[in-house]
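Colleague: I've got this one open on my screen, and I'd like to learn how to read it feature by feature. Can you walk me through?

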Amino acid sequence: MSHKNNPNKPKRGVETRLAHPPYDPMTMHGFVNPPIVRGSTVLFESTAAMEDRQSLRYSYGLAGTPTTRVLEDALSDLEGAYGTALVPSGLAAVTLPLLAFASAGDHVLVVDSVYAPTRRFCHQVLKRMGVTVEYYDPHIGSDIAGLMRPETSVVFLETPASNTFEIQDVRAICDAAHAGGAVTMLDNTWATPLFFRPLDHGVDLSIHALTKYPGGHSDLLMGSVSANEASWGKLLKMQTALGINAAPDDCSLVLRGLKTMAVRLHHHQQAALDLAHWLEAREDVLEVLHPALASFSDHEAFKRQFSGSTGLFGVVVDGDRDAARRFLDALEIFGLGYSWGGHESLAVLVDLSDRTIAKGPDRGSLLRLQIGLENVGDLQADLERGFAAMAGGDAQ
Ligand SMILES: *Cc1c(COP(=O)(O)O)cnc(C)c1O
């Protein structure tokens, strides 16, 4: 909801705001953390209060409880947003604003390098609703004006791109979208509000999989959509119509995660950069897709817009997919698993077969690495095991 009541409103550093969510312990006998308030029914003093419930802060659990409200306010503050809607997964945070702003007959522009389940939703649901979805080049910049139609209602961005990490020119795309009367939404999961604030660059709705760094421990699923004032009403109306929200227990876990997110991210950032530099110097690596590396093709666009990098990047190894499978199967510390943003390192063999424009590297095999909080030397030794197995050598 609105951050009007946020006691931290005078701008403090982001680390301070992460450590002190907008909750006053003195309202709860001094307990440092907000209580977990679960609930469906909310009781009213009288029939008069019941009939006037629109003016009450809480009237039914589906619209949130004092616990979920603290997380909403914390995220609105971090994103510079008017309001934040919480939903049960990151994917639901993608689908909610698309459902709120795309109607039958509309045309929607989605970046081709988007998170694959976002494309699946466009294909399986938006198409059936009579929405035309067109995919655009992540490097399109202001030329997106040429794709705008009178009926274009949404321009969807994600930067850095899923798996291939292209950087979009957010301001140029948003300016063109707004000139054509469309709203803009951006999946900001990779950077978190610590390193990028989409609303400051002209985006209307910022999307997060809180499952990733905000949760931070691979033990929950949640998503958020933070909106500017102009977009908030329509978003909230759709959330209410769909009957979705997030569970107070999980919100309490995300609030816990936020308190250490800055510290964790600074470690993820440095460990990932150390390994990315080591990887790019290897003979058996063709390319490292990490936006903060000077060698990365979109590095300038990254530096201009982002204040830091996180722990997820791509590495193109010099081998076919079977060689890449040998690499992955030899790993002992890196887990083979989806999602990322937790404490533990993960690796996957990337599949870009859904792409139509941003098709990724044309040689070698693309692996995606999530660098966790383990000892960096141990992770490097684990990757060495992978390279040895890829070359057909014995696992060390
Ligand atoms: C993981 C992810 C999501 C979806 O989050 P879930 O909570 O797993 O549904 C959405 N967008 C991006 C960019 C992601 O990486």
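Colleague: What is the order of the strands in the open sheet of five?

Modeller: In general, strands of a sheet pair through backbone hydrogen bonds, either parallel or antiparallel. Here the order is S8-S9-S12-S11-S10, and the pairing is mixed. Strands, like helices, are DSSP runs numbered from the N terminus (H or I over at least four residues for a helix, E over at least two for a strand). Two strands count as paired if DSSP finds at least two bridges between them.

Before we go on, this is a predicted model, where local features need pLDDT of at least 70 and side-chain atom pairs count only at pLDDT 80 or more, while totals for chains, interfaces and linings use all residues. Residues are numbered from 1 along each chain as its sequence is written, and side-chain values use heavy atoms, with hydrogens and water left out.

Colleague: Which strands stand at the edges of that sheet?

Modeller: S8 (285-289) and S10 (335-336). Each has a single partner strand, so one side of each has no neighbour in the sheet. Further in, S9 (residues 312-317) and S12 (residues 365-370) run antiparallel and share six bridges. For a landmark on that pair, find Val316, which sits opposite Leu366 in S12.

Colleague: Is strand S2 enclosed or open to the outside?

Modeller: For that you need the burial classes: buried is under 20% relative accessible area, exposed is over 50%, and partly exposed is in between (1.4 Å probe, protein chains only). In S2 (residues 107-111), five of the five residues are buried, so the strand is largely enclosed by the rest of the structure. Check its two faces: His107, Leu109 and Val111 cover one side, with Val108 and Val110 on the other, and all are buried. S2 also runs parallel to S3 (residues 132-136), joined by five bridges, and Leu109 faces Glu134 there.

Colleague: What do the buried residues of helix H5 pack against?

Modeller: Helix H4 (90-101), S2, S3 and S4 (152-158). The buried residues of H5 are Pro117, Thr118, Arg119, Phe121, Cys122 and Leu126. Arg119 is worth a click: H5 spans residues 116-126 and includes it, and its relative accessibility is 10%, so it counts as buried.

Colleague: Which residues is Arg119 in contact with?

Modeller: Contact means heavy atoms within 4.5 Å. Leaving out neighbours within four places in sequence, Arg119 contacts Asp112, Val114, Tyr135, Asp354 and Arg355.

Try Gly90 in H4 the same way. Gly90 is buried at 11% relative accessible area. Not counting residues up to four places away, Gly90 touches His208, Ala209, Thr211, Met222 and Gly223.

Colleague: What about backbone oddities? Where is Pro160, and what is the peptide bond leading to it?

Modeller: Omega tells you about the bond: from Thr159 to Pro160 the value is near -5°, so-called cis. Pro160 is in the loop between S4 and H6 (170-179).

For phi, look for positive values in residues other than glycine. Ser218 is one of them, with phi near 55°. Ser218 lies in the loop between S6 (205-209) and S7 (223-227), and is partly exposed at 44%. Ser339 also has a positive phi, near 70°. This residue is in the loop between S10 and S11 (346-349), and with 31% relative accessibility Ser339 is partly exposed.

Colleague: Zooming out, how many helices and strands does the chain have, and why call it as compact as a globular protein?

Modeller: There are 12 helices and 12 strands. The radius of gyration is 22 Å, close to the 21 Å the globule rule gives for 396 residues, so the chain is as compact as a globular protein of that length. That radius is taken over C-alpha atoms, and the rule is 2.2 Å times the number of residues to the power 0.38. The C-alpha atoms fill a box of roughly 75 × 55 × 35 Å along the principal axes.

Colleague: And what share of the residues is buried?

Modeller: Buried residues make up 55% of the 396. As for contacts between residues at least 6 apart in sequence, 73% join residues at least 24 apart.
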